[in-house]
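I set aside some time with this one and kept notes as I went. Here is what I looked up, entry by entry.

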Amino acid sequence: MRGFFNFLFSRLFVCLIALALYITGIILLCIYLPAMLSVGAAATASFALSAAAAFKAVTDPYPAEYRCARLFIIAFVPVIGAALYFASSLRRKPDWGNLKIVGKACGDCAYYADGRDFFADLFSAVDGAKRSVYLEFYIFSDGQVFNGLFTRLKAALKRGVEVKIIADGLGCALRLPSKKFRILRKSGAEIKIFNGLFPPPLSRLNFRDHRKIAVIDGKVAFSGGINIADEYADITRPHGKWKDCAFRVNGSAATVFQELFSACWSGDRECILPPCDGREIVPVFDCPPSHAGSGSAALLKAIYSAERRVWAFTPYLCLDERLFAAFENAAGRGADVRIIIPAVPDKKAAYALTCDCAARLKEKGANIYVYTPGFMHAKAVICDDGCFLGSYNLDFRSMWLNSECGIYIDGDATDDVVKDFTECLRLSSPFNARRKRWAFMAYRLFGPLA
């Protein structure tokens with residue numbers, strides 16, 4: 001009986017009812033209203049359009065819940081939904097490219113638990129740059145942090161250093177320091193906007209560059225969750241204290257990040273690494289639509305392999321079904337599952353979905369906490385003695401739609417992340433919200449599209 005009621009509230013049942021009503025309406029029009037054959041023909045044409053969109057949506061290379069969410073929209077708003085789907089899917093070939101890595105990456109890794117320390121080291125590295133500075137960030141926002149970077153980039157250009165910058169068209173839409181970018185261009189810097197905000201089908205609005213990459217001379221690379229904006233250094237507090245993290249790598253691991261930047265800049269590339277003679281660092285990255293799901297696969301492998309603990313902090317907890325099952329399985333087999341989410345939201349709709357997912361996981365035995373000082377923007381998953389770091393949020397968009405990057409490491413750097421997580425846990429409170437039926441239905445229906 002419980003399975004029957006679950007089916008009644010499922011997306012599949014709703015889509016089947018909508019489709020049945022739609023077909024019934026067409027049949028009635030054709031049989032009982034012969035004088036309105038033109039209306040019947042129009043309805044038949046709209047059905048054919050919706051059926052074509054539904055068929056293409058079903059065959060898209062994405063997880064089932066994402067395809068079902070798109071089918072739901074096509075079924076409930078047949079003509080408009082189908083038109084929107086085709087407008088968003090029939091797009092030009094993207095300029096950005098994918099990276100193929102041959103060999104293993106090695107190097108040392110340093111962890112930053114604070115934005116101030118991250119920017120201090122990044123600025124010091126830019127000051128010492130001799131050949132190149134490559135920057136790829138989702139957000140460049142005017143303020144104290146950007147002013148410090150701007151001054152150093154101008155000085156680097158005067159020294160003859162090559163400066164290239166990639167900024168995301170949506171992330172920087174209302175925050176881009178355009179005047180200072182023009183000054184940098186005049187000084188010799190090359191700047192590209194990733195996937196600018198052109199209307200469909202001229203752009204791929206759903207695919208964003210959410211990476212945070214800074215590579216200096218090809219020898220050292222910075223990445224993580226920190227953007228170029230004041231809140232990441234805790235200078236401004238739009239949502240309480242802003243907690244974030246990042247990391248720095250060198251050696252051939254830094255080479256991978258430079259090649260990843262170059263692939264986004266100029267197209268597909270192959271990176272052949274020398275033999276690994278140090279600590280291995282596993283790079284993880286996605287570049288949809290051609291290369292997606294690597295982050296999800298790496299997380300699934302790490303979580304299912306964990307025996308003692310799975311600790312995570314994330315700003316958004318909107319898991320796809322596979323990742324939800326992985327966390328549920330870890331809690332069920334006795335691993336210590338702890339997840340820290342924000343106490344103060346930055347996006348109310350995403351936070352509602354986060355709370356619903358958190359409540360569901362709590363019912364499965366996971367321990368969920370809220371970071372009471374403010375907004376938790378740090379992104380890390382600790383699995384036993386290994387750690388997954390990068391720009392990935394624990395949501396569908398990061399795992400399947402955004403260009404993202406990160407690493408999987410073990411050893412000393414993981415110990416630093418564990419220490420940071422423990423300190424955040426000390427400042428957090430248990431999550432006590434209960435599941436709400438409307439939030440659960442919204443999560444199941446529209447979570448993959450959020």
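**Entry 1: the cysteines**

I started with cysteine 109, which is partly exposed at a relative accessible area of 21%. I keep in mind that this is a predicted model. Buried would need a value under 20%, so cysteine 109 at 21% is counted as partly exposed.

Next I asked why cysteine 109 has no bond to the closest cysteine sulfur. That sulfur belongs to cysteine 387 and is 8.5 Å away, which is too far for a bond. A disulfide needs the sulfur atoms within 2.5 Å.

I then turned to cysteine 383, where the closest cysteine sulfur is again in cysteine 387. Here the distance is 8.1 Å, so a bond is ruled out for this pair as well. Cysteine 383 is buried, with 3% relative accessible area.

How many disulfides does the structure hold? I found one, formed by cysteine 106 and cysteine 276 with their sulfur atoms 1.4 Å apart. This pair links distant parts of the chain, 170 residues apart. Cysteine 106 sits in the loop between β1 (99-102) and β2 (109-112), while cysteine 276 sits in the loop between β10 (269-272) and β11 (282-286).

I also checked whether each partner is buried or exposed. Cysteine 106 is buried at 4% relative accessible area, whereas cysteine 276 is partly exposed at 34%.

**Entry 2: the seven-stranded sheet**

I traced an open sheet of seven strands with mixed pairing, in the order β2-β9-β7-β6-β3-β4-β5. Which strands stand at the edges? They are β2 and β5 (190-194); each has a single partner strand, so one side of each is left without a neighbour in the sheet. Ignoring direction, I get an average turn of 10° between neighbouring strands of this sheet.

Within this sheet I looked at β3 (residues 132-137) and β4 (residues 162-168), which run parallel and are joined by six bridges. Valine 133 faces another valine there, residue 163 in β4.

**Entry 3: the eight-stranded sheet**

I traced another open sheet, this one of eight strands, in the order β11-β20-β18-β17-β12-β14-β15-β21 and also with mixed pairing. Its edges are β11 and β21 (428-430), each with a single partner strand, so each has one side without a neighbour in the sheet. The average twist is 20° from one strand to the next.

At the β11 end, I noted antiparallel pairing with β20 (residues 404-410) over five bridges. Proline 283 is placed opposite isoleucine 407 of β20.

**Entry 4: β14 and its neighbours**

I stayed with this sheet to look at β14 (residues 336-342). Five of its seven residues are buried, so I wrote it down as mostly covered. Proline 342 belongs to this strand and is buried, at 0% relative accessibility. From proline 342 to threonine 354 I get 9.4 Å between C-alpha atoms, with the two 12 residues apart in sequence.

On one pairing, β12 (residues 309-313) runs parallel to β14 over five bridges, and arginine 309 has aspartate 336 as its bridge partner. On another, β15 (residues 367-371) is parallel to β14, again with five bridges. There arginine 338 stands opposite asparagine 367.

**Entry 5: pocket and cavities**

I turned to the empty space. The largest pocket has a volume of about 750 Å³. Which residues lie nearest its centre? They are Tyr138, His210, Tyr316, Asp346 and Lys347, from a lining of 34 residues. The elements that give two or more residues to this lining are α12 (348-363) and α13 (396-401). I sorted the lining into 17 nonpolar, nine polar and eight charged residues.

My search of the whole structure for cavities of 30 Å³ or more turned up two. The second largest cavity holds about 50 Å³ of space. Its lining includes Leu299, Phe313, Lys379, Phe388 and Met399. β17 (380-383) and β18 (386-390) are the elements that give two or more residues to that lining. By class, I listed eight nonpolar, two polar and one charged.

Technical notes. Residues numbered from 1 in each chain as written. Predicted model: local features only at pLDDT ≥ 70, side-chain atom pairs only at ≥ 80, totals over all residues. Heavy atoms only, no water. 1 Å grid on protein atoms, 1.4 Å probe; cavity = no way out; pocket = protein on both sides within 12 Å on 5 of 7 lines; lining within 4 Å. Points joined across faces, edges and corners; volume = space filled by probe spheres on them. Helix = DSSP H or I, 4+ residues; strand = E, 2+ residues; numbered from the N terminus. Nonpolar A, V, L, I, M, F, W, Y, C, P; charged D, E, K, R; others polar. Buried < 20%, exposed > 50% of the residue type's maximum accessible area, 1.4 Å probe, protein only. Pairing = 2+ DSSP bridges. Axes fitted to C-alpha atoms, helices over the stretch in contact; angles between N-to-C directions.
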